[in-house]
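Open the model in your viewer and keep the selection panel at hand. The stops below run from the core to a cavity, a buried side chain and a pocket.

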Amino acid sequence: MIDNTHFDILNVIETHGTYQPEKLAICCGEKKRLWQDLKHNINKVANYFKKIGVDKGDNVALLIGNRPEIIEFIFGIVKMGACVVPLSGLLTREQVTVLVNNSDAKFFVVDNEFLDLVTSDLSKLKNIDKENLLFLGGEQDCWEKISSEKNDYGFEYNCVPEDNFNIIYSSGTTGVPKGIVQTHRARSHWATSNAIEMSFNSECKSLTTTALYSNGTWLMMLPTLFVGGTLHVMNGFDPRAFMDLVKRESITHTFLVPPQFSAILSSENLERENFNSLKTILSAGSPLRLDLKEDILLRMSENLFELYGFSEGFATMLKPDDQRKKFGSVGTPVLGFEIKIIDEKGKECAPNVAGEIAGYGAGMMKEYYREVELTNNLIWTDTRGRSFIKSGDIGSLDEDGFLTILDRKKDMIISGGLNVFPVDIEEVVGKHPDIIDVTVIGVPHEKWGESCLALIIPKDGVEIDCNEIKNWSNEKLAKHQRLDKVEIREEFPRNALGKVLKRVLREPYWSQ
């Protein structure tokens, strides 16, 4: 009988710890982990959770900041056969309670910096009590118990590709967050496909700038650890600190979201030479405005990779060689994926015809946790009987298979019976010299049903005349796209990857 030799990321990490033990694996400020340390700590976490009563198939929730321990918890919990549920430190106490309960978590690990996000009334947590609520840091630090285990570094690993790896809760940009279940197979595909597409290798030095619990951050974390490179972690993003770190450590790969690019490009003494070591600068999380992309290419680096991804499980990528050829697109499917554009009747669209984007491939989610109907509603079946996942985004494929994003289906504005895509208006308004950022939403209108409202963030120290911005923009927009009003904001509500939460911005106007 031949064994199932699935190329699993947990096994690969184990071998890196064996064959390059003295190499640096993780660096987060003063905290460092050699590869042998990472290997041993992952095994210690696996043994600890098995000892305290976690069984294969159980779910374990984490609320931990950017520190090496979160990586060791993630892989240790998964290695012993459980499923990890990483939660956001941006949530409210009520949201944390809802997600811990929704995930059926049997244990909950909480970083001391997030204690205020955990309810003091444990009766509100359906499976969690004092025995299975663990703390990282402080007087009851569980890490001391885990790290003090010195005798047994090994762990019997018996997971299969179909086992649950994690439940990632969606960003909630269009509604209530949903638990996205991904398997070992999907996560191993995520690691290998992105490593190949963005040229990660054992010599890479990658830098994460966003929260480690976030699915987008794993675009750097998983490929780096998979190939045996070195992962540098920023505890909090600062543009000057980012540039200094890239230069000092000769960083080769990094991931930034559009607001971070804007902050870097607004920095004083910005020098292109600061980014010479970077072979890959990945932008993801939300689309880049074209004027911002042009600025990145001119002032930072031509090594820009642009990823359009859907946490439920598919992605496209625009690589540096295609940036100038297909400037307004988000590229072609990442290795192992396939993209279709479908119309309202579920028929496949011809090239250059707009419709809903659907994807298929090895990285797709297994399901929305405990949401059979929501999962089924997401499926579109092609003529071969394959189950594609619908994205809720509107786009088109050109004759060469390059994808252009037009907008989110739920963000599309219908004004006077005509479809208006906010991204088209944002491209125009964003070019005004006094504006640093803009987002466009649909608000109620007595005559047209909906009209376009531009919310803008001015550059520092600039006095803005909203009517002047509106008139300047409307001269450049089609009649059905024209702005009804412009309002100033100091900031936009965003998720962990910088995506604007438009439903939050719309809610006050429609609730009235």
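Contact here means heavy atoms within 4.5 Å. This is a predicted model.

**Stop 1: the nonpolar cores**

Select Ile77. Leaving out residues up to four places away in sequence, Ile77 touches Val45, Phe49, Val60, Leu62, Ala82, Cys83 and Val84. Now widen the view to the largest nonpolar core, which has 86 residues. Ile77 is among the members that touch the most other members. Add the rest of that group: Ile9, Phe49, Ile71, Phe73, Phe75 and Met221. Which element gives this core its largest share? Colour helix 7, which supplies eight residues.

Next, pick Leu99, Val100, Phe108 and Val110. They are included in a second, separate core of 23 residues.

**Stop 2: a buried threonine**

Go back to helix 7, residues 218–227, and select Thr224 within it. Is Thr224 buried or exposed? Its relative accessibility is 0%, so Thr224 counts as buried, the cut-off being under 20%. Show side chains. The side chain of Thr224 makes a polar contact with the side chain of Ser206, at 2.7 Å. Ser206 is also one of the residues that Thr224 touches, again not counting those up to four places away in sequence. The others to display are Phe200, Cys204, Gly229, Thr230 and Leu231.

**Stop 3: the cavity**

Switch to a surface view. Rolling a probe the size of a water molecule over the atoms shows where empty space is left. The structure holds one cavity of 30 Å³ or more. The largest cavity has a volume of about 40 Å³. Select its lining: Leu10, Ile13, Glu14, Lys39, Ile42, Asn43 and Lys79. Helix 1 (9–19) and helix 2 (35–51) are the elements that give two or more residues to this lining. Colour the lining by class: three residues are nonpolar, one is polar and three are charged.

**Stop 4: the second largest pocket**

Centre on Pro259, Gln260, Ser262, Ala263 and Arg494. Of the 48 residues that line the second largest pocket, these lie nearest its centre. The pocket holds about 1,200 Å³ of space.

Which helix gives the most to this lining? Select helix 9, which contributes five residues. Then add helix 10 (290–299), strand 24 (435–445) and strand 25 (449–458); like helix 9 (258–265), each supplies at least two lining residues. Finish by colouring the lining by class: 22 residues are nonpolar, 14 polar and 12 charged.

Technical notes: Residues numbered from 1 in each chain as written. Predicted model: local features only at pLDDT ≥ 70, side-chain atom pairs only at ≥ 80, totals over all residues. Heavy atoms only, no water. 1 Å grid on protein atoms, 1.4 Å probe; cavity = no way out; pocket = protein on both sides within 12 Å on 5 of 7 lines; lining within 4 Å. Points joined across faces, edges and corners; volume = space filled by probe spheres on them. Helix = DSSP H or I, 4+ residues; strand = E, 2+ residues; numbered from the N terminus. Nonpolar A, V, L, I, M, F, W, Y, C, P; charged D, E, K, R; others polar. Buried < 20%, exposed > 50% of the residue type's maximum accessible area, 1.4 Å probe, protein only. Polar contact = N/O pair within 3.5 Å; in protein donor to acceptor, adjacent residues only side chain to side chain. Core = buried A, V, L, I, M, F, W, Y, C linked by side-chain atoms within 4.5 Å.
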